[in-house]
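Colleague: I'm new to this one and would like a close look at a single part of it, the sheets. Could you walk me through how the strands are arranged, and then add a word on the ligand's surroundings?

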Amino acid sequence: MVAAVRVHKHGGPEVLTFEQVDVAAPGPGQVRIKQRVCGVNFIDTYFRMGMYASPVGMPFVSGNEGAGDVVAVGQGVSDIQVGDRVAYVSALGGYAEERLLPAERAVKIPSSISYEQAAGMMLKGMTAQYLLRRTFKVAPGNTVLVHAAAGGVGQILSQWAKHLGATVIGTVGSKDKAAIAKASGCDHTILYRDEDFASRVKEITGGALCDVVYDGIGKDTFPKSLDCIRPLGMFASFGSASGKVEAFDINILQFNGSLFATRPTLNNYTATRKDLLMTANDLFDVVAAGKVKIPVTQKYALKDAQKAHADLESRNTTGSSVLIP
Ligand SMILES: NC(=O)c1ccc[n+]([C@@H]2O[C@H](COP(=O)([O-])OP(=O)(O)OC[C@H]3O[C@@H](n4cnc5c(N)ncnc54)[C@H](OP(=O)(O)O)[C@@H]3O)[C@@H](O)[C@H]2O)c1
């Protein structure tokens, strides 16, 4: 038996239950991982509250990201071996001392990357990678708007967009967060709880607006985010921290300047092993080169997952949060 955090019924952070679970020997194509650090992500709250359905039904072990050591491999696994340091994303069952994982989802961690960094960056950093390099290919001279720029994804997006030569505008919920966003590469910050962020973007850009808006907030920033985008620009709505974007009239994209709008997710961008490794390696490269730093700001014991979720949902966090089994 190993310690894990399970959800037996949907609800608030209080439904996260610290308990003992069985972990079987790995089956064909699986590996067993002894986890050193587990990542905490907003998507974990969506599964907990039932916005996303658990693929394994109830109860399920919460969490979608972790880093640790391979302690056993199943039949047919050849490229991952016992003793390898690995990390993974997008596989429910993360908040646990040990877990099984399809070997094809495991990524070997370079020796220059710590377990803590890996668990703090795989999901958020690979998301930043596809948003900046594939959803909209950011180039020098572009202007980008990053919502929640002091958050986990937000700080990585801001640093990486700056590294790519963009002018970065970041929205944040407080003055303290504005200072963090500036240190993460934002040229301009907007206190979107106090100011009309669309008017401020217009002012900052002299009316030229942004080439792309990266919006992980959802309900509260829609449709105003569209007013921040230049004609033919891109609206990348990649999350719902404030709730889902409600159904809207697609003609709004025409009236705002023939905009492109997408609702991307990491699962699709890393569906093949080739894409998974390409995305992870691109992230490892910018981190190893010191171009993107991974701030793991909140660290909790595994048994304190309830507090980790409560802090994340009450906007009390910056950077990444992790659980230590
Ligand atoms: N599509 C994908 O592939 C993908 C992958 C990873 C993450 N995501 C999404 O990216 C977003 C950020 O994830 P994260 O894990 O890095 O979280 P995070 O940004 O560290 O935390 C969320 C932040 O959103 C802001 N926020 C605004 N309104 C909020 C509200 N009503 N409730 C809570 N927070 C609110 C807060 O920052 P301020 O105080 O500065 O407003 C808060 O700190 C989430 O929407 C997540 O679902 C999507």
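**A closer look at the sheets**

Modeller: Let's start with strand 1 (residues 2–7), which pairs with strand 2 in the antiparallel sense over six bridges. Keep in mind that this is a predicted model. Within that pairing, Val 5 stands opposite Phe 18 in strand 2. Both strands belong to an open sheet of three strands, ordered 2-1-4, with antiparallel pairing. Strand 2 (16–21) and strand 4 (60–61) each have a single partner strand, so one side of each is left without a neighbour in the sheet.

Now for another sheet. This one is also open, but it has six strands in the order 11-10-9-12-13-14, and the pairing is parallel. At its edges you'll find strand 11 (188–191) and strand 14 (260–262), each pairing on one side only. From one strand to the next, the twist averages 15 degrees. Further in, strand 9 (residues 143–146) and strand 12 (residues 210–215) pair in the parallel sense over three bridges. There, Val 146 stands opposite Tyr 214 in strand 12.

As for the ligand, 30 residues surround it, and those that come nearest are Gly 151, Gly 152, Gly 173, Gly 216 and Gly 239. Helix 1 (42–49), helix 2 (115–135), helix 3 (152–163) and helix 9 (305–313) are the elements that give two or more residues to this shell. Domain 1 (2–121 + 269–324) and domain 2 (140–263) each supply at least three of the shell's residues. Sorted by class, the shell holds 13 nonpolar, 12 polar and five charged residues.

Notes. Residues numbered from 1 in each chain as written. Predicted model: local features only at pLDDT ≥ 70, side-chain atom pairs only at ≥ 80, totals over all residues. Near = placed C-beta within 6 Å. Helix = DSSP H or I, 4+ residues; strand = E, 2+ residues; numbered from the N terminus. Nonpolar A, V, L, I, M, F, W, Y, C, P; charged D, E, K, R; others polar. Domains from an automatic or database assignment. Pairing = 2+ DSSP bridges. Axes fitted to C-alpha atoms, helices over the stretch in contact; angles between N-to-C directions.
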